[in-house]
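Student: I would like a close look at one part of this structure, with the numbers attached. Please take the charged pairs and the contacts between chains.

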Amino acid sequence: MPKEFPVPAPETTPHPSGNAPRPIALLTDYGSTGGHVGALKAVILAVNPAATIFDITHDVSPQAVEEGAFVLSQVAPYLPDGAVCVAVVDPGVGTDRKAIALRTNRGDFVGPDNGLLSAALPDSDRPRSTGGLSNVRLPRNCEAVELANPDYFRHPVSATFHGRDIFAPVAGHLSLGTPLNAFGPSLDSVQSFPPWRASRQGDGSILGRIVLIDRFGNLVTNICVEDLSSNRVRAAIADKVIEGLQRTYQDGPDLVVYAGSSGFLEIGRRNGSAAAALGAMMGDAVRVAPLD
Amino acid sequence: MPKEFPVPAPETTPHPSGNAPRPIALLTDYGSTGGHVGALKAVILAVNPAATIFDITHDVSPQAVEEGAFVLSQVAPYLPDGAVCVAVVDPGVGTDRKAIALRTNRGDFVGPDNGLLSAALPDSDRPRSTGGLSNVRLPRNCEAVELANPDYFRHPVSATFHGRDIFAPVAGHLSLGTPLNAFGPSLDSVQSFPPWRASRQGDGSILGRIVLIDRFGNLVTNICVEDLSSNRVRAAIADKVIEGLQRTYQDGPDLVVYAGSSGFLEIGRRNGSAAAALGAMMGDAVRVAPLD
Amino acid sequence: MPKEFPVPAPETTPHPSGNAPRPIALLTDYGSTGGHVGALKAVILAVNPAATIFDITHDVSPQAVEEGAFVLSQVAPYLPDGAVCVAVVDPGVGTDRKAIALRTNRGDFVGPDNGLLSAALPDSDRPRSTGGLSNVRLPRNCEAVELANPDYFRHPVSATFHGRDIFAPVAGHLSLGTPLNAFGPSLDSVQSFPPWRASRQGDGSILGRIVLIDRFGNLVTNICVEDLSSNRVRAAIADKVIEGLQRTYQDGPDLVVYAGSSGFLEIGRRNGSAAAALGAMMGDAVRVAPLD
C-alpha cells in the first residue's frame, strides 16, 4: 500500500555505470507455473522496453528466505557491472516489513527487507551471532532506501504481489538510470543473516550444515574450504564417514567430498545423487575433522 | 500444412506502436525438458535477431487449454505496449482448428483458435453462457486473421509442432512490423471461453471453482472480489469453512481467504500450502456467502 | 585448470556472420534450482553486456550426455545464423576430458569434448559403429579448438564448474567476435556419438529405441520416418502392438504412432501420456515392421 512522502530532489551523481546497459537479474520462489514470473517481466519491460532480463532461479523453496539468500550469495559476485537484481522470497508481503533497494559494489538489489538481500553484503559486515536475522548498520560503500515513493509503483498496488507492483517497476526505473534516492528515504541499516561460515569447535572439528541441495543431489555445506588446514579430512554426515578431499566428481569410489565452486565444502556422488544415497535433507549436520 | 491463398496488399496503417521494440512473450505447455522451447526461440531469433523474448510460463498442464487461457488472462493486462504473445496449448495441432493472430489493445496474440487466445478479449465481449467454448464476434477494436500465408511459415511445416513452424516465425515477422493482413484473411469471430466470473446464486452466495493452483499451493478461484458485498464472508471448500477476508498471508491463524493480486478470491495458508492442507484440486467447488 | 600455451596470431578472416548479433543458446543439465544457470548468464553478460541469451533447456537428465546431445540435435538446425551455443552435460568436469569450441555451419558450440557437441555434426560425418562414443575426424567445413588460453577464462577456475569459469566467458568472447583460434590450438577430431538412426534388420523390420520422452509423455524413437517404406506399419513396444502411421495426435483411438517434428517416429496418446500408458522408459526397444 503506497505511503505518501515528499519526493526528494534527484541525486546529482548518476550511477557509476553511467549509460551502459544495466541487465536485470531475477531470483524468486514463484516457481514456473502460473503467471507470476511473466507478470514480473512484463512490468519491467513496460517501464524499460530495452531492458535485458535474465533469470537466476524461480525455484527457491517456497517462503525459504535464507535459502534464497544463499543462492543469491553464490551468484552476486558474478553479476555484470551495473546489474539490477530483483529478489523476492517474501512470506511477509503486505505486512510492515519494508520494501527496499540496496546498492553495493555488486549491483543494486531490490526486494523485501527480510534478510534476503543481505547476501549482497560483504561477510565482514554481517552479524557475528550464529542464529537468525538481525539488523545491521550498512557499511560505508553501500546505500539503501526504503521504496516509499508511489510514483514508481504500478497501481493499484496489491497486498500480495509486490513483485509485480513495487519491485519490478522500481527495477525498471533503476535500469533507466533513476537515482536511488528518488525511490524513498535513506536507510542506515537493513535486516541481515549471519555469514554462511560454520565455526570451529573446541576439538578442532568444524560443525556445519547443508545449506543447499542442487539438482544433481550434491550437498552444499556452509563449511569454508579455506578453513580446512589440509586435504586430509574426514567428513561425517548422519552415520556415514567419508575420507579425503577430492578435486572432481570422478576422484572417489562413490561418495566424494570436494571443494565446491563457491568455496564451500560439498558432498557429491560419482555419476549420481549424494542426497538420494544418504537420504540427506536441508539443514542436516555435517562435521569435518582432521584425519589424523 | 500450408494452404494457398492470394496475398493481400499490405495495410497502409502500421501497428500503432510504430518503430518501438515489440517484446515477444511465450506461454506454452511444452514444459522444460526436450527441445521444444529452444526451437521456438531459435526460430523467432532466426527471423528477428534483435527480438526481446521473455517466458510467461511453459508449465501449463499438458493440453489444458482453459488453464492456459486463465494464466494468459492474468498476465495480458501487464504486457508492454506493442507486445507480441505466442500462446500454444494445442492438443488439436494439425487438425482443422485454425491458426490465428488476434490483435487487441493488449498486444498481438498468436496461436491456435481453440479459446486460448480469448483470454486477451475484454470480459464484456466473451460469451455469457456458463459452459464451454463458443464462437464470438470480435469487438470493434480487435482484429484477427487466419495464419494462412505460407510465406511466413518455416518449411517443411510439421503436423505436430506448429509452435516452431507457424506461430514462432509469424511472431518474429509481427515483431518486425509486418502488417497483420499479410498473414492471411480476416476473421470476424474467434473461439472463446466464457469470462472467469462465478455467478451469484438465488440464496445470495457465489458458487465458484478453483481455476489455478499456484506454486505455493494457493487456490485461485473464479470468484471476483468486487462481487462480494463486504469483508464479512464465509468461504466453504470441501467440508472446511473459513471466515473473514484477510489482506495478507500473515493475517490468519492458518488458512486465509484473501483478495488475490488479479482481483479473484484466493485461499492460502500462512507459510504453507492450502492445496496440501485441503487436498484441493483444480475445478473443486468453492462457495462464498455473507457471514450474517 | 588453465594450461599455458602460446597465443596464436589472430585469424585474418572474421566469423562469416560479420557484425550481426550472435545470440547465445544454453543447454545444460543444471536444473532450475540453485545458482548454476544464473551464474552462467551473469558471466556471459559480464563479458558481453549486449548479448542476447536464450535457454534451450536446463533439464537434461543429470549427467545424461547422449540425451543432451539428442536434444541439441533437435534444436541445432533451427539456430539463428551466427549463434553460439553453450552446451554442458559434463560428469567428467575437471578431469582430462578436453574443453572445446566447435564451429559448424549451424553455429559455434562450446562445451566438453565428451560427444555432447557431436550433435552439431552432420550425420554423414559421425561414426558408423552402433555402440558408444568414438573419436571422429572433423569434416572439411568444420573447425574445432581446445579451450586452452586462460586469458579467456574467469579466474580462479574451479574444478567442478567449467560452465561458469570456462564455457560462459568463452561464449561471451565468441559473441563479441574473438576469432576461434585465439582460444587455443586447433583440433582435427572430436568425440562423437553415432547418428541416431536405427538400422534395418534381416527380416525387414527396424529395431530402434526410445531416445527421449517429452513432457507430454510422447516417446521419441531413433527410427527415421524416411526409412519406412509406407504408412502401413506395425510398431511393437513391450507387449503392445500399434498399427498404422497417423498424422496428428487426434487421428488414433488412443495410442498413435506418428512422424515426429524432427523426422523420427514417435508414439503418443490422444490427450494423454503414452509413457504413462505403456510404462515406457528411456532406452526401451521399439520395433517397426511392414503391416502386410
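Which residue meets the side chain of Asp165(C) in a salt bridge, and at what N to O distance?

Tutor: This is a predicted model. The partner of Asp165(C) is Arg164(C), and the N to O distance of their salt bridge is 2.7 Å. Asp165(C) has 1% relative accessibility, so it counts as buried. Arg164(C), at 2%, counts as buried too. In chain A, salt bridges with shared partners link Arg22(A), Arg103(A) and Asp108(A) into one network.

Over all chains, the structure holds 38 salt bridges. One of them, in chain B, pairs Asp108(B) with Arg22(B), with the closest N and O atoms 2.9 Å apart. Asp108(B) sits in strand β5 (residues 107-112), while Arg22(B) sits in the segment before β1 (24-28), so this pair ties together parts 86 residues apart in sequence. Both residues are buried.

Now to a pair that crosses between chains. Asp59(B) forms a salt bridge with Arg215(C), and the closest N and O atoms are 3.9 Å apart. Asp59(B) belongs to the loop between β2 and α2 of chain B, and Arg215(C) to the loop between β10 (206-213) and β11 (219-224) of chain C, so the pair joins two chains. Burial differs between the two partners. Asp59(B) has 17% relative accessibility and counts as buried. Arg215(C) has 25% and counts as partly exposed.

Next, chain B against chain A. The count here is one salt bridge. Its side chains are those of Arg215(B) and Asp59(A), at 4.0 Å from N to O. Nine residue pairs are in polar contact across this interface, both members at pLDDT 80 or more. On the chain B side, β2 (53-57), α2 (65-75) and β15 (255-259) each supply at least two of the residues that touch chain A. The largest share, four residues, comes from β2(B). By type, this side of chain B divides into 15 nonpolar, nine polar and five charged residues.

The extent of the interface comes next. Contact involves 29 residues of chain B and 34 residues of chain A. About 2600 Å² is buried between these chains, with 58% of that area from carbon and sulfur atoms. Within chain B, Tyr78(B), Arg215(B) and Phe216(B) lose the most area to chain A, together 29% of what that side buries. Arg215(B) is thus named twice: for area lost and for the salt bridge to Asp59(A).

The chain arrangement puts these pairs in context. Chain B superposes on chain A by a rotation of 120° with 0.0 Å of shift along the axis, at an RMSD of 0.0 Å. The two copies are thus related as by a three-fold rotation axis. In chain B, the residue closest to that axis is Thr52(B), with its C-alpha at 4.7 Å. Only 3% of the interface residues of chain B are also interface residues in chain A, so the copies meet through different surfaces.

Chain A lies on chain C after a turn of 120° and a shift of 0.0 Å along the axis, with an RMSD of 0.0 Å. Of the residues of chain A, Thr52(A) comes closest to the axis, at 4.7 Å by C-alpha. Different surfaces are used here as well: 3% of the contact residues of chain A recur in chain C.

Conventions:
Residues are numbered from 1 along each chain as its sequence is written. Chains are lettered from A and ligands numbered from 1 in the order in which they are written. This is a predicted model: local features need pLDDT of at least 70, side-chain atom pairs count only at pLDDT 80 or more; totals for chains, interfaces and linings use all residues. Side-chain values use heavy atoms; hydrogens and water are left out. Copies are superposed by least squares on the C-alpha atoms of residues with pLDDT of at least 70 in both. Contact means heavy atoms within 4.5 Å. Buried area is the accessible area (1.4 Å probe) that two parts lose on being put together, summed over both. A polar contact is a pair of N or O atoms within 3.5 Å; within protein, one must be able to donate a hydrogen and the other to accept it, and residues adjacent in sequence count only if both atoms are side-chain atoms. Ala, Val, Leu, Ile, Met, Phe, Trp, Tyr, Cys and Pro count as nonpolar, Asp, Glu, Lys and Arg as charged, and the others, Gly among them, as polar. Buried means under 20% relative accessible area, exposed over 50%, partly exposed in between (1.4 Å probe, protein chains only).
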